[in-house]
Amino acid sequence: MLLTTTENIPGKKYEIIGLITGNMIQSKNIGRDFGQGLKSVVGGELKDYTKMMNESRAIATQRMVENAEAAGADAVVCVRYTTSAVAAGAAEMVCFGTAVKFID
C-alpha cells in the first residue's frame, strides 16, 4: 500500500474511492504519568509520552491502511494526522487521506 502526503503520484493515473480513516484512543498510564510529571518539573523531553504518541500514530496508520485495503484501494494520497483530547487523560490520534485505485 502506497501512502503519500502529496495529491499526485508521478506516473500514475487513478480514480478516487473516497475518504479513508484510522484512529486510536490512548489513555495515560498512572505510573507513566507520575514519572512524566516529575520530568516536567526539571524540563526535557517526556520520552514516555513521545513513545505513546508514536505507538498511537502507528496503530492509527495501520487501521487506515486496513480500511483502504478493504475498500479496494491501491494507495492513499493526502495522508494527514490530527489529535484531540476526548476525555481527561485520553487523546485520539486520527490518520486520514483519500483512498485511490490505479487505472491502467
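**View 1. Thr21 and the pairing of strands β2 and β4.** In this predicted model, Thr21 stands opposite Phe96 in β4. The two strands β2 and β4 pair in the antiparallel sense over 14 bridges, where two strands are said to pair if DSSP finds at least two bridges between them. Strands and helices are DSSP runs, numbered from the N terminus, with at least two residues (E) for a strand and at least four (H or I) for a helix. Residues are numbered from 1 along each chain as its sequence is written, and side-chain values use heavy atoms, with hydrogens and water left out. Because the model is predicted, local features need pLDDT of at least 70 and side-chain atom pairs count only at pLDDT 80 or more, whereas totals for chains, interfaces and linings use all residues.

**View 2. The whole sheet and the order of its strands.** The protein chain has two helices and four strands, and from the N terminus on these elements run β-β-α-α-β-β. The four strands form an open sheet in the order β1-β3-β4-β2, with mixed pairing. Strands β1 and β2 are the edge strands, each of them pairing on one side only. At the β1 edge, β1 and β3 pair in the parallel sense over two bridges, and Leu2 stands opposite Ala75 in β3.

**View 3. The hairpin of β3 and β4.** Strands β3 and β4 pair in the antiparallel sense over 10 bridges and form a hairpin with two residues between them. Gly89, in the turn, has a positive phi of about 80 degrees. Beside the turn, the bridge partner of Ala87 is Ala90 in β4, and Ser84 has Glu92 in β4 as its bridge partner. Cys78 also lies in strand β3; its phi is near 55 degrees, a positive value in a residue other than glycine. Cys78 is partly exposed, with a relative accessible area of 22%, in a scheme where buried means under 20% relative accessible area, exposed over 50% and partly exposed in between (1.4 Å probe, protein chains only).

**View 4. Helix α2, its buried residues and its end.** Helix α2 comprises 24 residues (residues 47-70), which at 1.5 Å a residue should span 34 Å, and its end C-alpha atoms are 35 Å apart, which agrees; the expected span is 1.5 Å times one less than the number of residues. The buried residues of α2 are Tyr49, Met52, Ser56, Ala60, Thr61, Met64, Val65 and Ala68. An α-helix has 3.6 residues a turn, so residues three or four places apart point the same way. Asn54 is found in helix α2 as well, but Asn54 is partly exposed, with a relative accessible area of 41%. Asn54 and Met93 are 39 residues apart in sequence and 9.8 Å apart in space, C-alpha to C-alpha. The helix is followed by Gly72, whose phi is positive, near 85 degrees.

**View 5. The largest nonpolar core.** This core has 11 residues, namely Ile20, Met24, Ala60, Met64, Ala68, Ala73, Val76, Val79, Met93, Cys95 and Ala99. The elements that give two or more residues to this core are β2 (13-27), α2, β3 (75-87) and β4 (90-103). A nonpolar core is here a set of buried Ala, Val, Leu, Ile, Met, Phe, Trp, Tyr and Cys residues joined through side-chain atoms within 4.5 Å. Ala68 touches Met1, Ile20, Ala73 and Val76, not counting residues up to four places away in sequence, a contact meaning heavy atoms within 4.5 Å. Buried residues make up 27% of the 104 residues in the protein chain.

**View 6. Confidence along the chain.** The mean pLDDT of the protein chain is 87, and 85% of its residues reach 70 or more, pLDDT being the predictor's confidence in each residue, from 0 to 100. Among the elements of the chain, helix α1 (residues 30-42) has the lowest mean pLDDT, 53, and strand β1 (residues 2-3) the highest, 98. Where pLDDT is low, the predicted coordinates should not be read in detail.
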